[in-house]
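The following note sets out some comments on the structure shown below. The points run from the overall fold to individual side chains.

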Amino acid sequence: SVTPAEPRPAQPTISRAFMVLETQGAAPNQFEGIANWSFAPDPALPNGEKALRMQVEYPGSGLSIDMVLARNTDQTLPASHTFFVTFNTRNALPAVREMSPIEWRERESQTGPALAGPLVPIQDNVFLMGLDRSEGAIRRNMDLLRFQRWMVFDVRLANGRRAAFLIEKGVIGERAVNEALAAWN
């Protein structure tokens with residue numbers, strides 16, 4: 001007699017994300033979001049090079065974030081990897097003017113170390129981080145990606161209000177990060 005196979009649980013395709021938006025004279029507004037992680041060829045990179053991409057959507061706020069982490073192939077740029085962060089405020093929120101360094105944490109409620117490298121504003125809503133290319137910093141940055149579960153950073157909007165973002169790696173993020181790290185070794 002044949003025993004039917006146990007149904008396998010569906011693999012989650014998205015991870016959780018949260019945004020806390022400062023509100024003058026009131027409790028902060030909190031928004032739940034979703035993060036989709038992938039490691040795939042990026043049309044902005046040469047030779048079909050793959051990039052780790054995190055696309056985060058906060059439906060109740062009108063805000064989305066596109067983050068792309070790629071191995072640096074430009075020898076004139078002193079970075080091991082580049083991290084582009086683009087905010088789309090869709091005119092629902094003022095532009096993002098400042099962004100804190102990106103921390104990686106085991107739990108969303110604790111502090112954690114930040115990725116090593118300078119973070120530079122390119123224009124409103126667009127930021128570039130060049131990850132430090134020293135051997136120790138590369139190992140530390142890649143270990144943060146590999147072992148920590150939450151990406152956390154703050155921003156300041158054009159109107160002076162602040163917002164905090166918490167983005168979970170989750171199962172799909174773990175898989176995408178592991179693919180990226182294997183390809184970049």
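1. What is the accessible surface of the protein chain, and what percentage of that surface belongs to carbon and sulfur atoms? In this predicted model, the accessible surface comes to about 10,100 Å². Carbon and sulfur atoms hold 51% of that area.

2. Secondary structure. The protein chain contains eleven strands and two helices. Their order along the sequence is β-β-β-β-β-β-β-β-β-α-β-β-α. Nine strands therefore precede the helix that comes earlier in this pattern, and two strands separate that helix from the other one.

3. Overall dimensions. The radius of gyration of the protein chain is 18 Å, which agrees with the value near 16 Å that a compact globule of 185 residues would have. Along the principal axes, the C-alpha trace spans about 70 × 45 × 30 Å.

4. Burial and contacts. Of the 185 residues in the protein chain, 40% are buried. Among contacts with a sequence separation of 6 or more, 55% are made by residues 24 or more positions apart.

5. Charge. The protein chain carries 19 positive and 20 negative side chains. The centres of these two sets lie 1 Å apart. Side chains of opposite charge can pair when their charged atoms come close. In this model the count of salt bridges comes to twelve.

6. A salt bridge between distant parts of the chain. R90 pairs with E57, and their closest N and O atoms are 2.8 Å apart. This pair links segments that are distant in sequence, the two residues being 33 residues apart. R90 sits in the loop between β5 (81-88) and β6 (96-99), whereas E57 belongs to strand β3 (residues 50-58). Is either partner buried or exposed, and where do the values place them? R90 is partly exposed because its relative accessible area is 40%, and E57 likewise counts as partly exposed, at 30%.

7. A salt bridge with a buried arginine. E103 and R105 meet through their side chains in a salt bridge, with an N to O distance of 2.8 Å. R105 counts as buried because its relative accessibility is 12%, and the cut-off for burial is under 20%.

8. A salt bridge within helix α1. E135 and R139 form a salt bridge in which the closest N and O atoms are 3.3 Å apart. Why are these two residues separated by about one helical turn? They are four residues apart in helix α1 (residues 135-147), so about one turn of the helix lies between them. E135 is exposed, with a relative accessible area of 63%, while R139 is partly exposed, at 47%. Elsewhere, D42, R53 and D66 are joined into one network by salt bridges that share partners.

9. L144 and its surroundings. L144 also lies in helix α1. With a relative accessible area of 6%, this leucine is buried. Which residues does L144 touch, not counting those up to four places away in sequence? The contacts are with W104, P113, A114 and L115. In addition, the C-alpha atoms of L144 and E106 are 9.4 Å apart in space, although the two residues are 38 residues apart in sequence.

Terms used
Residues are numbered from 1 along each chain as its sequence is written. This is a predicted model: local features need pLDDT of at least 70, side-chain atom pairs count only at pLDDT 80 or more; totals for chains, interfaces and linings use all residues. Side-chain values use heavy atoms; hydrogens and water are left out. The radius of gyration is taken over C-alpha atoms; the globule rule is 2.2 Å times the number of residues to the power 0.38. Buried means under 20% relative accessible area, exposed over 50%, partly exposed in between (1.4 Å probe, protein chains only). Contact means heavy atoms within 4.5 Å. Accessible areas come from the Shrake-Rupley method with a 1.4 Å probe; for residues, only the protein chains shown count as cover. Lys and Arg count as positive and Asp and Glu as negative; His and the chain ends are not counted. The place of a charge is taken as NZ of Lys, CZ of Arg, CG of Asp or CD of Glu. A salt bridge is a side-chain nitrogen of Lys or Arg within 4 Å of a carboxyl oxygen of Asp or Glu.
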